[in-house]
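Student: I've got this model open and I'd like to go through some of the labels people put on it. Can we take them one at a time?

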Amino acid sequence: MKMNNTKEHTTHKDKFIPNIIYEDNHLLVINKPGGMLSQGDQTGDASIVDMYKHYLKKKYNKPGNVFLGLVHRLDRPVSGVMVLAKTGKALSRLTGQFREKTIEKYYYALVKTKPPLPAQQLEHYLLKNRKQNKSYVNKTSGKEAKKAVLDYKTVGASDNYHLLKVRLLTGRHHQIRCQLAHIGCPVKGDLKYGFPRSNPDGGISLHAGELEITHPVSKERKVFTAPFPDGDIWHLFKHFI
(Lines give C-alpha, C1' and ligand atoms only; values in the text may rest on other atoms or scores of the structure.)
Protein backbone atom coordinates (compact mmCIF):
# COMPACT_ATOMS: atom_id res chain seq x y z
CA MET A 1 0.00 0.00 0.00
CA LYS A 2 1.50 3.31 -1.09
CA MET A 3 1.70 6.23 1.25
CA ASN A 4 1.92 9.98 1.16
CA ASN A 5 5.59 10.93 0.91
CA THR A 6 5.00 14.34 2.48
CA LYS A 7 7.84 15.64 4.61
CA GLU A 8 7.63 14.79 8.29
CA HIS A 9 6.11 16.91 11.02
CA THR A 10 7.47 19.75 13.02
CA THR A 11 6.54 19.69 16.68
CA HIS A 12 4.30 22.76 16.44
CA LYS A 13 0.71 21.60 15.97
CA ASP A 14 -0.21 24.28 13.46
CA LYS A 15 2.74 23.34 11.22
CA PHE A 16 2.20 19.61 11.56
CA ILE A 17 2.03 17.79 8.21
CA PRO A 18 0.66 14.28 8.72
CA ASN A 19 2.35 11.33 7.09
CA ILE A 20 -0.66 9.09 6.59
CA ILE A 21 -0.59 5.60 5.14
CA TYR A 22 -4.33 4.90 5.42
CA GLU A 23 -7.43 6.52 6.86
CA ASP A 24 -11.12 5.64 7.00
CA ASN A 25 -13.93 6.15 9.51
CA HIS A 26 -12.40 3.66 11.93
CA LEU A 27 -8.63 3.67 11.45
CA LEU A 28 -5.77 6.08 11.10
CA VAL A 29 -2.50 4.44 10.06
CA ILE A 30 0.59 6.62 10.05
CA ASN A 31 4.33 6.43 9.49
CA LYS A 32 5.77 7.52 12.83
CA PRO A 33 8.99 9.52 12.68
CA GLY A 34 11.83 8.42 14.91
CA GLY A 35 12.32 10.61 17.97
CA MET A 36 8.64 11.25 18.64
CA LEU A 37 6.70 9.86 21.59
CA SER A 38 3.81 7.52 20.88
CA GLN A 39 1.86 9.13 23.72
CA GLY A 40 2.54 11.93 26.17
CA ASP A 41 4.75 11.43 29.21
CA GLN A 42 6.32 13.47 31.99
CA THR A 43 8.59 15.31 29.52
CA GLY A 44 5.67 17.20 28.05
CA ASP A 45 7.09 16.67 24.55
CA ALA A 46 4.78 16.40 21.55
CA SER A 47 3.32 12.93 21.00
CA ILE A 48 1.75 11.06 18.10
CA VAL A 49 -1.63 10.89 19.86
CA ASP A 50 -1.73 14.63 20.60
CA MET A 51 -0.59 15.67 17.14
CA TYR A 52 -3.06 13.46 15.31
CA LYS A 53 -5.94 14.46 17.57
CA HIS A 54 -5.21 18.03 16.53
CA TYR A 55 -5.02 16.95 12.88
CA LEU A 56 -8.45 15.27 13.07
CA LYS A 57 -10.00 18.20 14.93
CA LYS A 58 -8.76 20.64 12.34
CA LYS A 59 -9.46 18.51 9.25
CA TYR A 60 -13.03 17.64 10.20
CA ASN A 61 -13.79 20.80 12.19
CA LYS A 62 -14.71 18.72 15.23
CA PRO A 63 -15.95 20.50 18.37
CA GLY A 64 -14.72 19.51 21.83
CA ASN A 65 -12.35 16.64 22.51
CA VAL A 66 -11.43 14.26 19.69
CA PHE A 67 -11.26 10.54 20.39
CA LEU A 68 -8.14 8.79 19.15
CA GLY A 69 -7.12 5.49 20.72
CA LEU A 70 -3.55 4.24 20.95
CA VAL A 71 -3.65 0.64 19.73
CA HIS A 72 0.06 -0.09 20.20
CA ARG A 73 3.29 1.80 20.86
CA LEU A 74 6.64 2.22 19.19
CA ASP A 75 9.70 3.19 21.23
CA ARG A 76 10.53 6.87 20.89
CA PRO A 77 13.63 6.39 18.68
CA VAL A 78 11.86 3.88 16.41
CA SER A 79 10.08 4.85 13.19
CA GLY A 80 7.40 3.13 11.14
CA VAL A 81 3.82 1.88 10.96
CA MET A 82 1.48 2.80 13.79
CA VAL A 83 -2.27 2.12 13.94
CA LEU A 84 -4.59 4.51 15.78
CA ALA A 85 -8.30 3.92 16.40
CA LYS A 86 -10.87 6.63 15.65
CA THR A 87 -13.68 4.93 17.59
CA GLY A 88 -13.96 3.05 20.87
CA LYS A 89 -15.22 -0.05 19.08
CA ALA A 90 -12.23 -0.08 16.74
CA LEU A 91 -9.85 0.40 19.67
CA SER A 92 -11.33 -2.52 21.60
CA ARG A 93 -11.24 -4.88 18.63
CA LEU A 94 -7.74 -3.90 17.55
CA THR A 95 -6.20 -4.15 21.01
CA GLY A 96 -7.84 -7.58 21.21
CA GLN A 97 -5.98 -8.63 18.07
CA PHE A 98 -2.67 -7.55 19.57
CA ARG A 99 -3.48 -9.36 22.81
CA GLU A 100 -4.51 -12.53 20.97
CA LYS A 101 -1.49 -12.30 18.63
CA THR A 102 -3.51 -12.42 15.42
CA ILE A 103 -1.52 -9.55 13.93
CA GLU A 104 1.79 -9.78 12.06
CA LYS A 105 4.60 -7.30 12.73
CA TYR A 106 7.80 -6.96 10.74
CA TYR A 107 10.66 -4.61 11.58
CA TYR A 108 13.86 -3.74 9.75
CA ALA A 109 17.08 -3.25 11.69
CA LEU A 110 20.46 -1.99 10.50
CA VAL A 111 23.37 -3.61 12.32
CA LYS A 112 27.13 -3.19 11.94
CA THR A 113 28.13 -6.71 12.96
CA LYS A 114 27.22 -9.61 10.70
CA PRO A 115 24.86 -11.94 12.59
CA PRO A 116 26.19 -15.40 13.52
CA LEU A 117 23.64 -17.00 11.20
CA PRO A 118 21.86 -15.50 8.16
CA ALA A 119 18.48 -16.46 9.65
CA GLN A 120 17.58 -17.62 13.14
CA GLN A 121 14.88 -17.71 15.82
CA LEU A 122 15.96 -16.04 19.04
CA GLU A 123 14.39 -17.06 22.32
CA HIS A 124 15.38 -15.40 25.59
CA TYR A 125 13.93 -14.39 28.93
CA LEU A 126 13.99 -10.64 29.42
CA LEU A 127 14.08 -8.66 32.65
CA LYS A 128 13.03 -5.01 32.57
CA ASN A 129 14.94 -2.53 34.71
CA ARG A 130 12.43 0.28 35.19
CA LYS A 131 14.92 2.76 36.63
CA GLN A 132 17.18 2.40 33.60
CA ASN A 133 14.31 1.89 31.15
CA LYS A 134 16.26 -1.02 29.75
CA SER A 135 15.83 -4.78 29.36
CA TYR A 136 18.38 -7.50 30.07
CA VAL A 137 18.59 -11.13 29.04
CA ASN A 138 18.10 -13.46 32.00
CA LYS A 139 19.55 -16.97 31.93
CA THR A 140 16.36 -18.62 33.11
CA SER A 141 12.67 -17.89 33.41
CA GLY A 142 11.40 -16.38 36.63
CA LYS A 143 8.66 -14.32 38.17
CA GLU A 144 9.82 -11.12 36.49
CA ALA A 145 11.61 -12.59 33.44
CA LYS A 146 9.34 -12.80 30.41
CA LYS A 147 9.83 -15.05 27.41
CA ALA A 148 10.77 -13.17 24.24
CA VAL A 149 10.80 -14.76 20.78
CA LEU A 150 11.58 -13.32 17.37
CA ASP A 151 12.71 -14.51 13.95
CA TYR A 152 15.27 -12.60 11.94
CA LYS A 153 16.79 -13.03 8.52
CA THR A 154 19.48 -11.05 6.72
CA VAL A 155 17.90 -9.51 3.64
CA GLY A 156 20.56 -7.05 2.51
CA ALA A 157 24.05 -5.71 3.08
CA SER A 158 26.15 -2.68 2.19
CA ASP A 159 29.90 -2.30 2.63
CA ASN A 160 29.46 -1.60 6.34
CA TYR A 161 25.99 -2.64 7.46
CA HIS A 162 23.58 -5.55 7.36
CA LEU A 163 19.82 -5.21 7.00
CA LEU A 164 17.78 -7.64 9.10
CA LYS A 165 14.07 -8.29 8.70
CA VAL A 166 12.60 -9.19 12.08
CA ARG A 167 9.29 -10.89 12.79
CA LEU A 168 8.11 -10.31 16.34
CA LEU A 169 6.43 -13.30 17.97
CA THR A 170 6.13 -11.66 21.39
CA GLY A 171 5.95 -8.01 22.39
CA ARG A 172 8.40 -7.37 25.20
CA HIS A 173 10.00 -4.13 26.33
CA HIS A 174 12.83 -3.18 23.93
CA GLN A 175 12.74 -6.77 22.70
CA ILE A 176 14.42 -6.41 19.31
CA ARG A 177 17.03 -4.01 20.62
CA CYS A 178 17.90 -6.24 23.56
CA GLN A 179 17.89 -9.58 21.76
CA LEU A 180 19.96 -8.38 18.79
CA ALA A 181 22.47 -6.76 21.13
CA HIS A 182 22.71 -10.03 23.07
CA ILE A 183 23.93 -11.87 19.95
CA GLY A 184 26.49 -9.13 19.30
CA CYS A 185 24.44 -7.13 16.78
CA PRO A 186 23.24 -3.90 18.44
CA VAL A 187 21.05 -1.72 16.24
CA LYS A 188 22.89 1.15 14.57
CA GLY A 189 22.80 4.26 16.77
CA ASP A 190 21.43 2.44 19.83
CA LEU A 191 23.82 3.62 22.55
CA LYS A 192 21.63 2.11 25.29
CA TYR A 193 22.27 -1.37 23.95
CA GLY A 194 25.92 -1.07 23.08
CA PHE A 195 26.29 0.56 19.67
CA PRO A 196 29.39 2.80 19.91
CA ARG A 197 28.05 5.90 18.10
CA SER A 198 24.75 7.73 17.96
CA ASN A 199 22.96 8.47 14.71
CA PRO A 200 23.10 12.08 13.49
CA ASP A 201 19.43 12.62 14.39
CA GLY A 202 19.71 10.88 17.75
CA GLY A 203 17.40 8.05 16.70
CA ILE A 204 18.19 4.40 16.06
CA SER A 205 18.05 2.44 12.81
CA LEU A 206 15.03 0.31 13.68
CA HIS A 207 11.93 0.69 11.53
CA ALA A 208 8.48 -0.89 11.81
CA GLY A 209 8.12 -1.62 8.12
CA GLU A 210 5.02 -3.80 7.89
CA LEU A 211 1.91 -4.47 9.94
CA GLU A 212 -0.92 -6.86 9.09
CA ILE A 213 -4.25 -6.66 10.91
CA THR A 214 -7.90 -7.54 10.45
CA HIS A 215 -10.00 -4.43 9.87
CA PRO A 216 -12.13 -4.01 13.01
CA VAL A 217 -15.37 -3.44 11.06
CA SER A 218 -15.07 -4.88 7.54
CA LYS A 219 -13.07 -7.89 8.82
CA GLU A 220 -10.87 -7.60 5.74
CA ARG A 221 -7.23 -8.51 6.23
CA LYS A 222 -5.11 -5.38 5.74
CA VAL A 223 -1.36 -5.00 5.22
CA PHE A 224 0.21 -1.60 5.81
CA THR A 225 3.79 -0.75 4.86
CA ALA A 226 5.94 2.29 5.63
CA PRO A 227 8.96 3.31 3.50
CA PHE A 228 12.26 3.76 5.29
CA PRO A 229 13.03 7.22 6.72
CA ASP A 230 14.95 9.80 4.73
CA GLY A 231 18.56 10.41 5.61
CA ASP A 232 21.18 8.29 7.36
CA ILE A 233 21.91 5.21 5.20
CA TRP A 234 18.37 3.88 4.78
CA HIS A 235 18.47 5.03 1.14
CA LEU A 236 20.92 2.21 0.38
CA PHE A 237 18.14 -0.28 1.14
CA LYS A 238 15.04 1.60 -0.04
CA HIS A 239 14.11 -1.09 -2.59
CA PHE A 240 13.38 -3.59 0.22
CA ILE A 241 10.04 -1.89 1.03
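**Salt bridges, burial and a cavity**

Tutor: Let's start with Glu-104, which is partly exposed at a relative accessible area of 21%. Keep in mind that this is a predicted model.

Student: Why is Glu-104 called partly exposed?

Tutor: Buried means under 20% and exposed means over 50%. Glu-104 has 21%, so it counts as partly exposed.

Student: What makes Glu-104 and Arg-167 a salt bridge?

Tutor: The rule asks for a Lys or Arg side-chain nitrogen within 4 Å of an Asp or Glu carboxyl oxygen. For Glu-104 and Arg-167 the N to O distance is 2.9 Å, so the pair qualifies. Glu-104 sits in strand β5 and Arg-167 in strand β9, 63 residues apart, so the pair links distant parts of the chain. Arg-167, at 27% relative accessibility, is partly exposed too.

Student: Why is Lys-86 called buried, and what does Glu-23 count as?

Tutor: Lys-86 has 17% relative accessibility, and the cut-off for buried is under 20%, so buried it is. Glu-23 comes in at 21%, so it counts as partly exposed.

Student: How do you know that Lys-86 and Glu-23 form a salt bridge?

Tutor: Their closest N and O atoms are 3.0 Å apart, and the limit is 4 Å, so the pair passes. Lys-86 lies in the loop between β4 and α2, while Glu-23 belongs to strand β1.

Student: And what makes Glu-220 and Lys-222 a salt bridge?

Tutor: The closest N and O atoms of that pair are 3.7 Å apart, which is within 4 Å, so it counts. Glu-220 is partly exposed at 42%, whereas Lys-222 is buried at 12%. Elsewhere, salt bridges that share partners join Glu-23, Lys-59 and Lys-86 into one network.

Student: How many salt bridges does that rule give?

Tutor: The count comes to nine.

Student: Now the cavity. Which residues line the largest cavity?

Tutor: The lining is made of His-72, Val-81, Lys-105, Tyr-106, Tyr-107, Ala-208, Glu-210 and Leu-211. β5 and β10 are the elements that give two or more residues to this lining. The volume is about 40 Å³, and the search of the whole structure finds one cavity of 30 Å³ or more.

Student: Why does the lining divide into five nonpolar, one polar and two charged residues?

Tutor: Val, Tyr, Ala and Leu count as nonpolar, so Val-81, Tyr-106, Tyr-107, Ala-208 and Leu-211 are the five. Lys and Glu count as charged, so Lys-105 and Glu-210 are the two. His is in neither of those groups, so His-72 is the polar one.

Note on methods: Residues are numbered from 1 along each chain as its sequence is written. This is a predicted model: local features need pLDDT of at least 70, side-chain atom pairs count only at pLDDT 80 or more; totals for chains, interfaces and linings use all residues. Side-chain values use heavy atoms; hydrogens and water are left out. Helices (H or I, at least four residues) and strands (E, at least two) are DSSP runs, numbered from the N terminus. Buried means under 20% relative accessible area, exposed over 50%, partly exposed in between (1.4 Å probe, protein chains only). On a 1 Å grid over the protein atoms alone, a cavity is a set of points where a 1.4 Å probe fits but cannot get out, and a pocket is an open set with protein on both sides within 12 Å along at least five of seven lines; lining residues have an atom within 4 Å of a point. Grid points are joined across faces, edges and corners, and a volume is the space filled by probe spheres set on the points.
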